[in-house]
Amino acid sequence: MGDYAKALGSKLRGIRQQQGLSLHGVEQKSGGRWKAVVVGSYERGDRAVTVQKLAELADFYGVPVAELLPEGRVPSGSEPAAKIVINLERLQQLPAEKAGPLARYAAAIQSQRGDYNGKVLSIRNEDLRSLAIIYDMSPGELSDQLVDWGVLPPEARVARALDE
């Protein structure tokens with residue numbers, strides 16, 4: 001499989017991890033519909049996923065299919081992702097004194113978009129820069145903090161180049 005399959009697999013893994021699911025957790029939650037070994041092979045890019053299966057996985061995870069697709073080109077490890085996907089369910093579990101500014105920012109974006117699925121929210125790197133100002137941190141520091149809080153998956157750590 002090529003780089004695109006690996007990038008697609010990385011997106012699948014990120015969404016699964018944002019939802020706090022292990023591969024076996026996916027199998028259990030789906031009642032055996034999605035076998036751990038199959039989902040794992042999709043995530044590693046070892047197995048091709050059909051458009052139909054991808055749509056069904058997106059439905060299972062409760063996200064738009066577009067959230068599972070890599071950007072037009074495969075990102076390298078040194079460049080930041082074009083979109084940052086916030087786990088809204090995890091965000092709601094955090095104390096307001098920690099996540100209040102982010103929660104208000106996310107609510108404003110949801111209101112603007114009319115998007116109230118309540119599970120994930122995509123923001124741009126520019127949004128992360130704005131939030132970093134609010135939190136009095138660099139974008140990289142804020143990204144690390146959001147990963148530590150469980151709001152972003154570990155692979156979403158922003159490259160330090162954004163700090164400049």
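A nonpolar core is here a set of buried Ala, Val, Leu, Ile, Met, Phe, Trp, Tyr and Cys residues joined through side-chain atoms within 4.5 Å. With that in mind, and remembering that the model is predicted, begin by selecting Ile86, Leu91, Leu102, Leu146 and Val151, which are the residues with the most contacts inside the largest nonpolar core, a set of 21 residues. Then colour β1 (83-87), α5 (88-93), α6 (96-113), β2 (120-124), α7 and α8, since these are the elements that give two or more residues to this core. Apart from it lies another core, of 19 residues, which includes Leu54, Leu57, Ala58 and Tyr61.

Return next to leucine 146 and display its surroundings: once residues up to four places away in sequence are set aside, Leu146 touches Leu102, Leu128, Val151 and Leu152.

From there, widen the selection to α8 (139-149). Eight of the eleven residues of α8 are buried, so this helix is largely enclosed by the rest of the structure. The buried positions to pick out are Pro139, Gly140, Leu142, Ser143, Asp144, Leu146, Val147 and Trp149, and what covers them includes α5, α6 and α7. Just after α8, select glycine 150, whose phi is positive at about 85°.

Finally, move to the loop between α7 (125-134) and α8, where aspartate 136 is found. Is this aspartate 136 buried or exposed? Aspartate 136 has a relative accessible area of 72%, and because the cut-off for exposed is over 50%, it counts as exposed. Its backbone also deserves a look, as the phi of aspartate 136 is near 55°, a positive value in a residue other than glycine. Most residues other than glycine have a negative phi.

Methods: Residues are numbered from 1 along each chain as its sequence is written. This is a predicted model: local features need pLDDT of at least 70, side-chain atom pairs count only at pLDDT 80 or more; totals for chains, interfaces and linings use all residues. Side-chain values use heavy atoms; hydrogens and water are left out. Helices (H or I, at least four residues) and strands (E, at least two) are DSSP runs, numbered from the N terminus. Buried means under 20% relative accessible area, exposed over 50%, partly exposed in between (1.4 Å probe, protein chains only). Contact means heavy atoms within 4.5 Å.
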